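Me: I am new to this structure and would like a close look at a single part of it, followed by its surroundings. Please take your time and explain each term as it comes up.

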Amino acid sequence: MPHSVEFPELVNDLYLRAARGEKVERTPVWCMRQAGRYLPEFRAMRAEHNFFKVCRSPELATEVTVQPIDRYEGLLDAAIIFSDILVIPQAMGMDIEMVPGKGPVFGHPLRTPSDIEAFLVDTKPGFSIDVELKYVYDAITMARHRLAGRVPLFGFIGAPWTLLAYMIEGSGSKTFSQAKRWLWKYPKQTHQLLERITNLSIRFLIGQVNAGAQMLQVFDSWAGELGPQDFSTFALPYLKKIAEELKAHCPDVPLTVFAKGAHYALEELAVLPFDVISLDWTIDPVEARKRVQKAREGVEYNAAGRRRPVVLQGNLDPTILFADPEIIRLRTKEMIEKFGSTGHIANLGHGMMPDHDPEHLRVFLESVKDESTKLCCS
Ligand code: 1CP
């Protein structure tokens with residue numbers, strides 16, 4: 001039973017209206033990895049607690065989730081729960097450590113299909129993803145209360161291909177040669193495992209909504225490592241299943257897909273029932289909007305028989321935050337104008353980086369507010 005009736009009333013619903021394609025008074029804005037290492041208050045907490053301990057403690061995860069909302073009071077229009085995409089592989093039995101300066105490192109990556117049954121526990125009797133990841137649900141419920149309706153809260157997952165890539169590779173990678181070798185060598189087992197991850201992900205997303213998440217994002221961070229043909233084979237069918245199931249279970253919860261580096265697949269993503277498509281910075285917003293609009297011609301999803309609005313999220317190059325404030329303002333203004341006044345949620349084209357200056361993020365957030373207010377009122 002969803003808890004939503006018990007939560008404080010949402011004061012700022014700008015994100016939710018924009019995600020439905022409604023005309024809004026200004027463009028909502030939030031940032032991927034907005035709760036993270038560029039913030040001194042986050043680094044102070046991390047100096048005392050291990051990464052997964054923060055994820056597993058609803059109190060600590062709530063605190064980090066709310067940190068950017070407090071710091072940029074009135075400038076951010078969404079919060080994202082502090083967690084990681086790797087909590088699913090961890091719940092499936094994989095041993096993962098977050099190594100400072102290196103990122104996630106798996107103790108025993110999957111090297112051959114026999115490792116699947118040796119290491120993974122999700123098909124064992126009594127396994128429940130809801131039990132394993134209850135700590136995420138508890139953090140969401142607590143954060144939603146602590147936000148007190150100031151902004152809505154995102155839940156998220158990593159897309160099946162991106163999680164599989166980590167599970168085989170055992171860490172981030174420049175070439176993904178281990179993970180891709182698997183695809184060619186063991187296609188049958190690859191699809192079976194992708195299916196398992198997909199089913200757990202669907203349950204986990206629904207659980208997050210029941211716990212209080214008001215919108216959801218699917219991060220396919222390594223989508224760009226596949227080409228068009230392999231994305232269609234190993235990523236798209238699972239993204240489709242996730243979107244279809246979520247829209248069947250909670251049609252009113254906005255669902256975003258971020259397939260980084262995969263704008264070759266924009267047309268295919270456009271016809272899946274995601275509400276928002278998040279873009280990285282390597283595609284021009286005008287071109288993206290045209291392509292999505294064209295792909296949707298003749299495709300009806302809306303129960304009323306109407307074509308779905310094109311809502312895009314993004315896409316300022318995160319490294320522009322290293323530039324001087326006047327350049328950040330100029331490039332943000334250009335971005336806002338290119339996306340237009342409706343069907344846009346402002347964001348960076350990828351996450352905040354550890355060496356970003358928090359004050360430069362403030363310049364970006366203020367510029368989105370100023371420029372989009374001008375545009376929406378003109
Ligand atoms: O030492 C630290 O404190 C670790 C830094 C860190 C943080 C702050 C990691 C390790 N994860 C996170 C939080 C996180 N990760 C969030 C929290 C909410 C927010 O966005 O503010 C989210 C949504 C993620 C999602 C995530 N984790 C992604 C998808 C988004 C993306 O950036 O592409 C990925 C790929 C990960 C894996 C991961 N976790 C952490 C690192 C350093 C990485 C990437 C490593 C690599 O390049 O392989």
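Where in the chain is the place of Glu41?

Reply: Glu41 lies in helix 2, which covers residues 40-48; helices here are DSSP runs of H or I with at least four residues, strands are runs of E with at least two, and both are numbered from the N terminus. Residues are numbered from 1 along each chain as its sequence is written. The model is predicted, so local features need pLDDT of at least 70 and side-chain atom pairs count only at pLDDT 80 or more, while totals for chains, interfaces and linings use all residues.

Glu41 counts as partly exposed because 15 other C-beta atoms lie within 10 Å (buried means 20 or more such atoms within 10 Å, exposed 12 or fewer, and partly exposed in between, with C-beta atoms placed from the backbone). Its C-alpha atom is separated by 34 Å from that of Ile197, and these two residues are 156 residues apart along the chain.

Pro251 can be set beside this, for it sits in the loop between helix 13 (236-249) and strand 6 (255-259), and it is exposed because 11 other C-beta atoms are within 10 Å. From Pro251 to Arg296 the C-alpha distance is 19 Å, with their positions 45 residues apart in sequence.

The wider setting of both residues is a chain with 17 helices and nine strands, in which 46% of the 378 residues count as buried. Its C-alpha trace spans about 60 × 50 × 45 Å along the principal axes.

Inside the chain, the largest nonpolar core holds 114 residues, of which Ala79, Ile81, Phe154, Leu164 and Ala235 touch the most other members (such a core is a set of buried Ala, Val, Leu, Ile, Met, Phe, Trp, Tyr and Cys residues joined through C-beta atoms within 7 Å). Helix 11, residues 187-211, gives the largest share of this core, with ten residues. Leaving aside residues up to four places away in sequence, Ala79 touches Thr65, Val66, Ile69, Ala143, Leu147, Val151, Leu153 and Phe154, where contact requires C-beta atoms, placed from the backbone, within 7 Å. Across the chain, 77% of the contacts with a separation of 6 or more join residues 24 or more positions apart.

Finally, there is a ligand, which 23 residues surround, the closest being Ala35, Gly36, Gly103, Gly172 and Ser221; a residue is near a molecule if its C-beta atom, placed from the backbone, lies within 6 Å of it.

Notes. Contact = placed C-beta atoms within 7 Å.
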